[in-house]
There are 2 protein chains.
Amino acid sequence: MNNSRLLPSSGQPPTSCARVDCDACDVRALTFCGDLGHDAMSAVASIVSRIEVPAHALLAEEGEQSPYVYNVTAGTAKLYKSLPDGRTQVLGFLLPGDFLGLGDDRLGGLAAESLTRVSVCRFRRRDFENLQERIPVLGRRLLSLAQDEIARSREQMLLLGRKSARERLASFLLGLYDRLEARGEANDPLPLPMTRTDIGDYLGLTIETVSRTLAAFKRDGIISLDGVHAVRLLDPERMRSLATGDEADRMAAC
Amino acid sequence: MNNSRLLPSSGQPPTSCARVDCDACDVRALTFCGDLGHDAMSAVASIVSRIEVPAHALLAEEGEQSPYVYNVTAGTAKLYKSLPDGRTQVLGFLLPGDFLGLGDDRLGGLAAESLTRVSVCRFRRRDFENLQERIPVLGRRLLSLAQDEIARSREQMLLLGRKSARERLASFLLGLYDRLEARGEANDPLPLPMTRTDIGDYLGLTIETVSRTLAAFKRDGIISLDGVHAVRLLDPERMRSLATGDEADRMAAC
DNA sequence: CGATGCCTTGAGAGGAGTCAAGCACGGTGG
DNA sequence: CCACCGTGCTTGACTCCTCTCAAGGCATCG
């Protein structure tokens with residue numbers, strides 16, 4: 001991580017995204033306002049700026065409250081939180097369409113770092129909040145997004161509290177697979193832009209356990225590795241039952 | 001758990017909470033509309049009914065979408081989620097003021113069970129959603145509550161992914177202590193209405209580890225037990241550093 | 001080609017899980 | 001009033017999954 005700071009003012013002058021230009025923005029930028037209608041969209045477009053972020057840049061730091069809110073339009077980033085002694089927990093990976101910084105004026109803000117080159121739409125927090133008041137439907141959309149996030153967090157708590165290493169890895173791979181599928185992005189050779197360390201920190205495991213477990217999946221013929229940063233799920237359904245512990249590891253032990 | 005079903009229609013006829021009566025409801029019922037103003041409050045009051053729930057009753061079941069939304073006004077309940085083989089993760093304990101069921105028309109709904117006698121304000125989900133549209137400030141309040149929940153979930157993910165058993169227990173006790181403090185409820189002999197199993201399922205530990213760790217805390221003079229369902233934190237600050245791993249267990253090992 | 005960073009693999013240790021008694025409390029019924 | 005359960009909590013002995021420590025492989029990059 002070169003940790004080139006990105007915030008609050010990037011080296012690159014933000015490319016303004018003019019109102020009429022809105023459709024020129026990557027369409028995914030607007031999934032969160034999707035069918036909100038033309039007025040809402042142009043209002044959103046009027047306060048947004050587009051920014052390109054290099055890989056391994058800090059988008060937000062722990063304990064800091066950023067004056068901006070971001071919506072990722074391309075690339076991948078990680079959200080994380082650490083203990084004083086350095087142990088860290090990755091809270092999630094941001095994919096195109098995801099927001100960053102929405103409610104993070106909360107207890108102990110978190111850090112975010114780009115894993116790849118990332119494109120974001122940036123809003124000044126104040127502007128964005130004003131907009132919510134003027135466009136009620138936008139507020140409702142955000143509430144719905146927040147509830148999705150809560151549902152995902154709960155799933156992850158179940159994983160972290162109760163699943164074995166195999167189940168965690170299987171859940172992780174499938175979750176990524178499904179999220180990319182839902183966004184219409186390529187997932188057949190499943191891209192893994194994050195490092196083994198990131199995966200371990202996301203799943204509450206060590207890097208060695210991640211590596212060993214992936215090796216075991218490969219031995220068992222459940223996945224094949226395309227280099228280090230791409231996996232092929234050879235049997236998604238099998239993987240799905242591994243993830244929930246249904247057909248426990250008995251079969252895998254063979 | 002006698003699992004007396006509570007939903008969708010309780011045995012007890014819901015006590016209607018008339019508009020003018022709103023102040024008669026337990027004040028905490030209204031913390032979520034707090035300073036929303038008189039109009040909003042009476043609108044809320046007009047669609048609410050008050051219900052008393054016995055201990056160990058199911059308020060919601062996994063995989064079911066309840067037509068109601070609840071706000072707890074007295075007592076404690078647990079929210080949880082299970083794997084097919086029975087392993088369960090407690091996602092949180094609901095205290096007075098907390099909502100139940102807000103976004104739970106989401107992926108794999110969760111179960112909720114009262115731990116003590118509980119009083120709730122019940123809303124029909126549809127009514128509640130209509131209200132949000134009519135009273136924008138209510139929607140904003142809910143968004144803010146959802147963001148609090150997300151922040152708490154993240155803290156819990158860090159706990160589940162990265163903390164030791166001692167740190168988990170310390171975090172749990174302190175978290176409860178602080179939440180009760182914030183609500184102005186008694187927390188000196190800290191009440192623990194949940195069983196050891198519930199605590200274990202919340203912290204991703206077994207019942208034996210919970211028991212042993214509490215015993216160790218007692219030996220170390222960090223807590224004293226008032227029976228099984230009440231604890232006294234003898235040194236909250238010491239506990240606080242235990243919870244984050246600051247002054248690691250080195251001291252405790254002495 | 002050495003240096004660096006990331007990943008893999010092995011050997012051994014340890015923290016929490018599992019299995020199994022035993023204890024304490026509260027309820028029930030003779 | 002007390003013997004008898006049932007349930008939940010504690011404690012001990014042992015196991016095992018994952019972590020820790022350490023070495024080695026394999027790219028990329030100056």
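This report describes how the protein chains meet DNA strand D and each other in a predicted model.

Local features need pLDDT of at least 70 and side-chain atom pairs count only at pLDDT 80 or more, while totals for chains, interfaces and linings use all residues. Residues are numbered from 1 along each chain as its sequence is written, and side-chain values use heavy atoms, with hydrogens and water left out.

**DNA strand D**

DNA strand D is surrounded by 16 residues (near means a heavy atom within 4 Å), the closest being Ala165(A), Thr209(A), Arg212(A), Ser211(B) and Arg212(B). Of the strand D atoms that come within 4 Å of the protein, 64% belong to sugar and phosphate. Helix H6 (207–219) of chain A and helix H6 (207–219) of chain B each supply at least two residues of this surface (helices are DSSP runs of H or I with at least four residues), and H6(B) gives the most, with four residues. The table lists polar contacts, defined as pairs of N or O atoms within 3.5 Å.

| Residue | Partner in DNA strand D | Distance |
|---|---|---|
| Glu208(A) | base nitrogen | 2.9 Å |
| Thr209(A) | phosphate oxygen | 2.4 Å |
| Ser211(B) | phosphate oxygen | 2.7 Å |

**Chains A and B**

The contact between the chains (heavy atoms within 4.5 Å) takes 46 residues from chain B and 46 residues from chain A. Ten salt bridges are found across the interface, each a side-chain nitrogen of Lys or Arg within 4 Å of a carboxyl oxygen of Asp or Glu; one of them joins Arg154(B) to Glu149(A), with the closest N and O atoms 3.3 Å apart. On the side of chain B that touches chain A, H3(B) gives the most, with 19 residues.

Notes: Chains lettered and ligands numbered in written order. Polar contact = N/O pair within 3.5 Å; in protein donor to acceptor, adjacent residues only side chain to side chain.
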